[in-house]
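Student: Hi! I have a new protein open on my screen and I'd like to get to know it. Can we go through it together?

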Amino acid sequence: MLSLNVRIFGAQSVAARLKAFPKETLAAALRAMDKSLFLVEARAKEKLSGEVLKSRTGRLRSSIGNPGGQGIKDVSQTGSQTTGRLGTRVVYGRIHEMGG
């Protein structure tokens with residue numbers, strides 16, 4: 001009868017890395033979402049700087065992504081889902097976006 005013995009070196013470190021992988025992936029998703037929101041915010045502000053809408057006071061443009069004022073900007077994770085929100089609470093922002 002043939003007998004085969006296999007010994008794997010470093011299996012514990014591989015197992016540890018695999019356990020850490022979901023945490024690293026979630027952290028990378030957060031960073032990617034944050035960067036994506038930054039790019040979307042920049043593009044939205046370009047459009048509000050005369051490309052699509054003419055600016056009178058700059059209130060709408062400055063509110064986008066400004067969570068301390070009238071803006072909305074947040075990234076959250078629930079389980080493996082990463083969500084980013086960017087916007088404004090300025091009332092006429094929705095009117096310009098959706099028509100009205």
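Student: Let's start with Leu48: is it buried or exposed?

Tutor: Leu48 is buried, because its relative accessibility is 14% and the cut-off for buried is under 20%. Keep in mind that this is a predicted model, and that Leu48 belongs to helix H1.

Student: Which residues does Leu48 touch, if I skip those up to four places away in sequence?

Tutor: Skipping those, Leu48 touches Leu53, Ser55, Leu60, Arg61 and Ile64. Take Leu60 from that list: Leu48 and Leu60 are 12 residues apart in sequence, with 7.9 Å between their C-alpha atoms.

Student: OK, new topic. What volume does the largest pocket have?

Tutor: The largest pocket comes to about 370 Å³. Its lining has 15 residues, and the closest to the pocket centre are Ala44, Leu48, Ile64, Gly93 and Glu97. So you meet Leu48 again here.

Student: Which elements give two or more residues to that lining of the largest pocket?

Tutor: Helix H1 (11–51), strand S2 (81–88) and helix H3 (91–98) each give two or more residues to the lining of the largest pocket.

Student: And by class, how many nonpolar, polar and charged residues are in the lining of the largest pocket?

Tutor: The lining of the largest pocket has eight nonpolar residues, four polar ones and three charged ones.

Student: What about the second largest pocket, what is its volume?

Tutor: The second largest pocket has a volume of about 240 Å³. Residues that line this pocket include Leu48, Leu53, Arg56, Gly58, Tyr92 and His96. Leu48 is therefore also a name to look for in this second lining.

Student: Which element gives the largest share of the lining of the second largest pocket?

Tutor: That is H2, with three residues. Helix H2 (59–63) and H3 are the elements that give two or more residues to this lining. By class, the lining of the second largest pocket divides into four nonpolar, four polar and four charged residues.

Student: Back to H1. Where is Glu41, and is Glu41 buried or exposed?

Tutor: Glu41 is in helix H1. It counts as buried, because its relative accessibility is 10%. Not counting residues up to four places away in sequence, Glu41 touches Ile64, Gly65, Lys73 and Leu86.

Student: You just mentioned Leu86. Which element does Leu86 lie in?

Tutor: Leu86 lies in strand S2. With its neighbours within four places in sequence left aside, Leu86 is in contact with Leu37, Val40, Glu41, Ile64, Gly65, Ile72 and Lys73. Glu41 appears in that list too. Leu86 counts as partly exposed because its relative accessibility is 26%. You can also find Asp74, which is 12 residues from Leu86 along the chain, with 6.8 Å between their C-alpha atoms.

Student: Let me try another one in S2. What does Thr82 touch, not counting residues up to four places away in sequence?

Tutor: Thr82, whose place is in strand S2, touches Ala29, Leu30, Met33, Val75, Ser76 and Gln77 on that count. The side chains of Thr82 and Gln77 are also joined by a polar contact of 3.0 Å.

Student: Does anything else touch Gln77? I mean, which residues is Leu26 in contact with, leaving aside neighbours within four places in sequence?

Tutor: Leu26 is in contact with Gln77, Gly79 and Ser80. Leu26 is found in helix H1, and it is partly exposed because its relative accessible area is 28%. In contrast to those contacts, Leu26 and Gly68 are 26 Å apart in space, C-alpha to C-alpha.

Student: One more from H1, then. Why does Lys47 count as partly exposed?

Tutor: Lys47 counts as partly exposed because its relative accessibility is 32%. Lys47 touches Val52 and Leu53, not counting residues up to four places away in sequence.

Student: Last topic: where in the protein is confidence lowest, and where is it highest?

Tutor: Confidence is lowest in H3, with a mean of 84, and highest in S2, at 92. For the protein, the mean pLDDT is 85, and 96% of the residues reach 70 or more.

Note on methods:
Residues are numbered from 1 along each chain as its sequence is written. This is a predicted model: local features need pLDDT of at least 70, side-chain atom pairs count only at pLDDT 80 or more; totals for chains, interfaces and linings use all residues. Side-chain values use heavy atoms; hydrogens and water are left out. On a 1 Å grid over the protein atoms alone, a cavity is a set of points where a 1.4 Å probe fits but cannot get out, and a pocket is an open set with protein on both sides within 12 Å along at least five of seven lines; lining residues have an atom within 4 Å of a point. Grid points are joined across faces, edges and corners, and a volume is the space filled by probe spheres set on the points. Helices (H or I, at least four residues) and strands (E, at least two) are DSSP runs, numbered from the N terminus. Ala, Val, Leu, Ile, Met, Phe, Trp, Tyr, Cys and Pro count as nonpolar, Asp, Glu, Lys and Arg as charged, and the others, Gly among them, as polar. A polar contact is a pair of N or O atoms within 3.5 Å; within protein, one must be able to donate a hydrogen and the other to accept it, and residues adjacent in sequence count only if both atoms are side-chain atoms. Contact means heavy atoms within 4.5 Å. pLDDT is the predictor's confidence in each residue, from 0 to 100. Buried means under 20% relative accessible area, exposed over 50%, partly exposed in between (1.4 Å probe, protein chains only).
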